[in-house]
Structure formats: structure tokens, C-alpha cells
Amino acid sequence: MEGVKCFTCHREAKSMKVFVSSRFVCEDCLTVLSKDRRCCLDYESSLKPSSNNAEGVITELCQDTNNLSGVARPFFEGDVKDRLLNVPVQMKESKRAGERRYYPGKCFASDSNLPRLVYAENSIPIDSIKMSVHELNGQTTKPNGQCEKHDMEETKFYCQTCEIRICRDCAILDHRDHDFVYYKEHLEAEETPQERLKKLLDYAEQKQVVLNEKLQNLDSRLERKSKAIEEARIEIKSKTLKMKELISEQEDILMSCLEGHLLNVTRNVKSQKSALESALDDVNYGLEIAQEMIKKNSPRSTRKFPNGLTNLKQRTSEVKTTVVQMNGVATETGDHGNHPEKEAVSQFESEADFCDDKLEEEDDDDDDDDVLSMRESVKSLRGDSRIDDNLKVPLPKNPTFDVSLVFGVEGSGNGQFREPVGITVSSDGTIFVADYDNDRLQVFDKKGQFLRNMTHVITGTGRTVNFLCPTGLATDKSGNIVVAERGRHRITVISPEGHVQRKFGKLGKARGQFRDPHGVSVDKRGRIIVADTTNNRIQVFDQKGDLIFTFGHKGEHVLDYPNYAIFHKGLFIVSDTDNDSVKIFDKEGQFLRTLGNAEKEGEPFGAPSGLAVYKDDYILVCDFNNDCVKMFSLDGEFVTKIGREGTSPGEFSGPEAVVVTSDDKIIVTDKNNSRVQMFELKMDLKSPG
């Protein structure tokens with residue numbers, strides 16, 4: 001045909017084949033394409049090979065179910081195409097297993113049966129199509145949206161270069177170098193100002209609806225917030241009123257406490273004044289005796305203590321002056337930390353000690369009436385009730401102790417314990433126990449009767465602070481309780497009623513800081529000795545809580561998790577718990593020796609814990625893992641042991657701490673049995689044989 005070119009080689013050919021897509025292909029190209037592409041030119045789907053081959057031309061059927069009539073089916077438009085495509089497809093099973101052959105029915109024009117396979121040579125040449133689609137449909141013009149050059153191709157695109165509508169083939173062939181878009185997009189871009197304005201109005205209305213909804217939500221939230229603020233204001237006002245009432249109540253309580261304290265101070269000052277006046281009478285009596293002996297011209301008396309008599313006269317004058325000054329103290333309310341009467345008594349006792357020491361330095365002629373008389377005078381002056389060294393009676397070789405009191409069971413109620421640890425006894429015999437897991441101190445009388453719980457301390461401002469894991473306990477010279485709070489890594493000094501006197505220490509490794517302080521003790525000088533357990537050292541503080549020195553963490557004999565430490569007769573005695581030993585250091589913290597002899601005792605220490613002094617000459621050690629309390633002399637000789645493993649009275653399961661009362665009773669916290677036990681010596685004292 002003239003003017004018709006092949007879709008592939010773009011050459012004019014006499015014999016052309018037209019496909020469903022209205023593409024024209026010459027027979028040469030058709031043969032080549034059928035061999036190379038092996039796919040349908042219309043649907044780009046895979047072809048199924050067939051055994052029938054007509055002169056090497058296409059012998060495949062397109063697998064697309066919309067094109068069952070074959071590869072080279074002629075193209076028709078309108079209802080004619082629909083008639084052809086809607087013909088029911090007949091399928092018959094081939095004689096060969098698994099092969100199907102397709103029979104698409106009859107041709108719309110000749111009404112003849114279509115061949116089983118549509119071969120290229122059986123396709124209808126373009127010259128044989130006598131009537132056009134337009135003639136079949138009775139149309140004289142192209143329908144709207146149809147391409148003028150390519151039959152039945154919808155003009156879906158718009159060439160922006162040529163400003164015309166084009167079809168797919170036009171875009172591929174004639175306009176492939178031009179700019180084109182979908183016609184629908186072109187129409188949207190060509191909207192009129194009225195249409196765009198309408199769209200903008202519609203968009204604005206939608207936005208207005210959304211904004212109105214948001215505004216309503218904001219109003220609702222604002223209302224809720226305002227309501228919540230008003231409720232909070234009312235609650236704050238109510239709490240403020242309650243706080244004012246509470247402050248007023250606390251003020252009344254504090255004023256009452258201050259008045260009571262003032263009365264106690266007044267009473268104590270009067271009592272001390274009376275005691276000092278009595279002491280002055282004794283001093284005057286002693287001076288009279290001394291003067292009488294001097295008048296007798298006794299050479300030994302004047303040689304022994306002339307300085308003592310002179311100093312005694314001076315101190316007597318000072319005490320008299322102090323008593324005069326104290327006459328107005330009973331009515332004052334100033335600094336309660338100043339105690340001139342105690343200082344005067346301390347000075348007086350020091351001078352009396354001086355006189356006593358001077359007497360002891362002389363010869364041992366106790367039959368001298370002058371010496372005996374002076375000794376008795378000095379003892380009378382200082383109120384000394386001690387037994388002379390040559391009259392002291394030591395313990396027997398094998399002393400035994402019997403349990404005399406047991407109190408406490410496991411629990412959190414009054415008088416119940418969960419791991420009792422530290423223990424101390426006040427001057428009046430009141431027993432304080434650190435109830436570790438219950439975070440409190442429990443107070444008992446000397447018979448083990450429960451008195452009260454102390455779950456917190458009261459600060460100087462009246463605020464209460466709960467105990468946190470209290471461990472070690474001790475009593476200082478003023479009757480205050482020294483508490484090692486392991487959970488807060490500090491030492492707290494409180495009155496027996498729970499008022500904080502002072503506190504010191506915090507978590508850390510520096511000097512004066514603690515990590516898990518456990519045991520605490522107070523020596524005769526009033527120094528506070530703390531076992532800084534996790535820092536593996538002992539720290540010594542003065543009465544105010546100022547650090548004096550530390551030891552045990554350096555040198556050859558380093559401590560490992562020490563639990564308790566005490567000071568007695570110039571020696572520091574430390575329970576070196578994880579080293580299973582008790583070590584003795586001098587007053588400067590230098591290691592001297594270990595306590596005890598494992599070979600001689602037959603049983604080494606097992607995590608030694610609490611320490612105490614018994615009868616001024618013996619050391620008690622809580623042998624925690626061996627479930628007993630061991631007694632040693634000061635030179636390290638083993639004396640006896642108290643208790644054994646068990647739960648019966650007199651038996652232990654982890655004895656933790658020990659304290660000795662003023663009447664020589666031994667009290668032990670039986671930690672794992674959640675109880676406290678008291679022991680007494682049952683054998684008569686006598687000199688060692």
C-alpha cells in the first residue's frame with residue numbers, strides 16, 4: 001500500500017499485516033520478530049510454541065486471554081470488535097496429553113470458521129479490507145477523542161509543542177521528540193479563573209470547618225485547664241491553712257519543750273550547786289587535816305605532797321568562785337551548751353586524781369597513819385568508790401556465764417526484731433537496740449520490757465527524719481545515743497528522746513566521709529570511734545564530730561571490712577571481720593599484734609564482730625560464724641566462751657554486738673535468732689590458784 005510504512009523498518013511494502021494495535025508490519029519483519037522476540041506484538045506476553053509450523057512463519061498463540069484469536073488478527077472498531085471479542089472461545093482437549101488448542105469461533109465478516117491457528121500468511125492483507133470501520137458503523141467522521149491518523153486510538157495525550165491532542169502511536173512516532181502530557185492534566189492546567197476561584201472557595205470552606213473544630217477543642221481544653229487551676233488553688237489554700245495550724249501546734253510543742261528544758265536545767269544547776277557546796281565542805285575538811293599534819297612537823301607528809309596541797313587550795317578557791325557564779329545560772333535561759341558546774345567538777349576531780357597519784361608514787365608503807373588518813377581524805381573528796389589495785393579480785397580460771405534474760409522474736413511489731421544489730425545501755429540501765437531491717441531503734445528497761453520505738457529523729461527545726469538501716473550504737477558521757485546510720489553513711493548523735501544533737505559524715509572515700517559505717521563506740525575521753533567498713537579503715541572523731549585521725553587502711557596489716565572498734569587502756573581493738581581476726585593497734589593507730597591464739601584455743605575466729613570491755617581487764621568478742629562470745633585477757637590469753645550454736649536460751653545464731661552494764665551483766669544481740677540475751681557470771685570470784 002502506498003503511504004503505509006512498516007512499524008518496525010519504516011519502509012513501504014506491498015504486503016502488510018495489521019494487528020490489533022493498528023500497527024502495520026511487513027512480512028519480512030514479521031518473520032524476524034517472530035523468531036527473535038518470541039512474544040505477541042500486541043500484548044507483549046509470552047507465546048506458546050506449537051507443533052504446526054507454516055513455512056517458518058509465526059506459529060504461536062498469544063497467552064493473553066483477551067486475544068485468543070491469535071497474533072495476526074485483523075483490527076476492527078466499535079461493535080464489530082466487540083462482536084469478535086465476545087465470541088465464546090471453544091476449547092478442546094488435544095489428543096496429546098496436556099496440550100490445549102484454541103478455536104476462537106467465526107469471523108465477523110465472512111461468517112466462516114476461523115482456523116485453529118492464525119498464521120501470518122492467513123492474516124487479512126490491508127488491500128482485502130473493502131470496507132472501513134466507519135462504513136460498518138455508519139459513521140462519516142471520527143468520533144470525539146479518536147486519533148485522525150491512527151484508527152481507534154484514543155487521544156490520551158496533548159503535545160505541548162504542537163498544541164494538539166495525540167494518541168499513543170503519535171507520541172511514539174511523530175511526536176517522540178516533543179513535550180507532551182496527559183490530556184487530562186492539560187485540561188486541569190487550562191482551568192478558567194472562575195473554576196479556580198470556585199476551587200479556592202471550596203478549599204477555604206473546608207479549612208474553615210477544620211479551624212472551627214480546632215477552636216472548639218481549644219475552648220474545651222481551656223475550660224478544663226481553668227477548672228483544674230481553680231481546684232489546685234483551692235487545694236493549695238486548704239493545705240496552707242493546715243500548714244499554718246501545724247506550725248502553730250509545733251510552736252506550742254517547742255515552747256513547751258523549751259519550758260520543760262529550762263526547768264530541767266534549773267533543777268540540774270541547783271543539784272550541781274548543792275553537790276559543789278558539799279564538795280567544798282569536804283575540801284575544807286581535807287585542808288584542815290593537812291594543816292594539822294603540817295603543824296605536827298611530819299617530814300614525810302611535807303615531802304610527799306606539798307605541791308598537791310598548794311594546788312588543792314588554789315582549786316578550792318576556784319570552785320568557790322564557780323559556785324558563786326552559778327547562783328544566777330539557774331534562772332538564765334542562754335546557751336544550754338555551757339555547763340560551768342561540770343567544768344568545775346572536772347577540775348576538782350583532776351586535782352583529786354593528782355593527789356591520789358602522788359600518794360601512790362610513795363613507798364608501800366600502808367601502816368603510816370598519815371598516809372592512810374590522807375588517802376582516805378582524797379577518796380572522800382573525789383567520791384572515789386574504786387577498789388584499790390591490791391584489793392581487786394580477778395576472774396577464776398574457768399568462769400561460766402548463765403543466761404538470765406531473753407527477749408524479742410522475729411517480726412515488725414513492738415518488741416520484735418528483724419536483724420537486731422547494735423546495742424547500748426544508758427547510765428540508768430535502759431537498753432537501746434538497733435533494729436536494722438525495721439529501720440528503727442527499740443527501747444527496753446533493764447528487765448527487757450518494751451518501752452517505746454524510735455523510728456525517726458527530730459531536727460533542730462522540728463522536722464522529723466526517719467532512720468535508715470541503723471547499725472552501731474554507743475552512749476557518750478552526756479547520756480546521748482550515738483547512732484551509725486549505714487543507709488545514710490553518717491553518724492547521728494541524739495538525745496534519749498530522739499532530738500538531734502549533731503551529725504557528721506557523708507558518702508565518700510575522703511577523710512571524714514563514710515561508706516557503710518557499721519560499729520561505733522565512745523572512749524573515756526569522749527572520742528567517737530567509727531568502723532568505716534567498706535572504706536576498710538577506722539576513723540576517730542572528737543565529741544563535736546571533728547576528725548582526729550584515721551588508721552587501718554595503709555601499711556602491712558590492712559583491714560578488710562572491719563565491723564567494730566573500741567579503745568581501752570591506750571589500745572585500739574578492732575574486729576577485722578573479713579580477715580577473721582581481731583587486731584590491736586597502739587594509741588596512734590600503729591599495728592601491734594593480733595588477739596588470741598587459734599592453735600591454743602582450737603578454734604580460730606569466724607567473721608568476728610562486736611567488742612566490749614568486761615571488768616576493765618577482759619575483752620569480749622562476738623565470734624559471729626562460730627555462734628559464741630569469746631573472752632580474752634588484755635594480753636591476749638583466751639579465758640572462756642559463752643554460748644554455742646542453736647535457738648534455745650543461751651545459744652546463738654550469729655551474735656552481732658555485745659555490751660556490758662554497770663553491774664557487769666553481758667547483753668548480746670542474737671542477730672539471726674532475732675532476739676537479745678543477757679548473761680551473768682555464776683561462779684564466785686577468787687584469786688587464781
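**View 1. Six phenylalanines join up through their rings.**
Phe-549, Phe-551, Phe-567, Phe-572, Phe-585 and Phe-591 are linked into one cluster by ring pairs. Keep in mind while you look around that this is a predicted model. Rings count as paired when their centres lie within 6.5 Å, and by this rule the count comes to 18 aromatic pairs. Zoom in on Phe-585 and Phe-591: their ring centres are 5.7 Å apart and the planes meet at 75°, so this pair is edge-to-face. How much of Phe-585 is accessible, and is it buried or exposed? Its relative accessibility is 2%, so Phe-585 counts as buried. Its partner Phe-591 has a relative accessible area of 25%, which makes it partly exposed.

**View 2. Another ring pair bridges a gap in the sequence.**
Here Phe-652 and Phe-679 sit with their ring centres 5.6 Å apart and 45° between the planes, and that makes a tilted pair. Which parts of the chain do these two rings tie together? Phe-652 belongs to the loop between β34 (638-642) and β35 (655-660), while Phe-679 is in strand β37 (residues 675-681), so the pair connects parts that are 27 residues apart in sequence. Both Phe-652 and Phe-679 are buried.

**View 3. Two charged side chains sit over rings.**
Look for Arg-165 first: its charged end is over the ring of Tyr-183, 4.0 Å from the ring centre. Then find Lys-630, which lies over the face of Phe-605 at 5.0 Å from the centre of that ring.

**View 4. Here is the largest nonpolar core.**
In soluble globular proteins, nonpolar side chains tend to be buried together. In this model, the largest nonpolar core has 26 residues, and Ile-423, Ile-431, Val-621 and Ile-667 have the most contacts inside it. Several strands pitch in with at least two residues each, among them β10 (401-407), β14 (431-435), β27 (564-568) and β29 (581-586). Which strand gives the largest share of this core? That would be β13, with three residues. Now pick out Ile-423 and see what it touches beyond its neighbours within four places in sequence: its contacts include Ile-431, Phe-432, Leu-473, Val-658, Ile-667 and Val-676. There is also a second, separate core of 17 residues, and it includes Phe-401, Tyr-614, Tyr-618 and Val-668.

**View 5. Strands β15 and β16 make a hairpin.**
Strand β15 (residues 440-444) and strand β16 (residues 450-454) run antiparallel and are joined by four bridges. Across the pair, Leu-441 stands opposite Met-454 in β16. Five residues lie between the two strands of this hairpin, and Gly-448 in the turn has a positive phi of about 85°.

**View 6. Strands β31 and β32 make a hairpin too.**
Is strand β31 (residues 608-614) largely enclosed or open? Six of its seven residues are buried, so β31 is largely enclosed by the rest of the structure. Five bridges hook β31 up to β32, and the two run antiparallel. Pro-608 stands opposite Asp-623 in β32. This hairpin has three residues between its strands, with Lys-615 in the turn showing a positive phi of about 55°.

**View 7. Two loop residues have a positive phi without being glycine.**
One of them is Cys-469, a residue other than glycine, with a positive phi near 55°. You'll find Cys-469 in the loop between β18 (464-466) and β19 (470-475). Asn-536 isn't a glycine either, yet its phi is positive, at about 55°. Asn-536 is placed in the loop between β24 (528-532) and β25 (537-541). With 23% relative accessibility, Asn-536 counts as partly exposed.

**View 8. Thr-661 sits in a loop, and it is buried.**
Look between β35 and β36 (666-670) to find the loop that holds Thr-661. The relative accessibility of Thr-661 is 12%, so this residue counts as buried. Apart from its neighbours within four places in sequence, Thr-661 is in contact with Val-425 and Ile-667. Check out Lys-446 too: it is 215 residues away from Thr-661 along the chain, but their C-alpha atoms are separated by 9.5 Å.

**View 9. Zoom out for the whole chain.**
The protein has 11 helices and 37 strands. Of its 689 residues, 40% are buried. About 39,400 Å² is exposed, with carbon and sulfur atoms supplying 48% of that area.

Note on methods: Residues are numbered from 1 along each chain as its sequence is written. This is a predicted model: local features need pLDDT of at least 70, side-chain atom pairs count only at pLDDT 80 or more; totals for chains, interfaces and linings use all residues. Side-chain values use heavy atoms; hydrogens and water are left out. Rings of Phe, Tyr and Trp (its six-membered ring) pair if their centres lie within 6.5 Å; planes under 30 degrees apart count as stacked, over 60 as edge-to-face and the rest as tilted. Buried means under 20% relative accessible area, exposed over 50%, partly exposed in between (1.4 Å probe, protein chains only). A charge sits over a ring if NZ of Lys or CZ of Arg is within 6 Å of the ring centre and within 35 degrees of the ring normal. A nonpolar core is a set of buried Ala, Val, Leu, Ile, Met, Phe, Trp, Tyr and Cys residues joined through side-chain atoms within 4.5 Å. Contact means heavy atoms within 4.5 Å. Accessible areas come from the Shrake-Rupley method with a 1.4 Å probe; for residues, only the protein chains shown count as cover. Two strands pair if DSSP finds at least two bridges between them.
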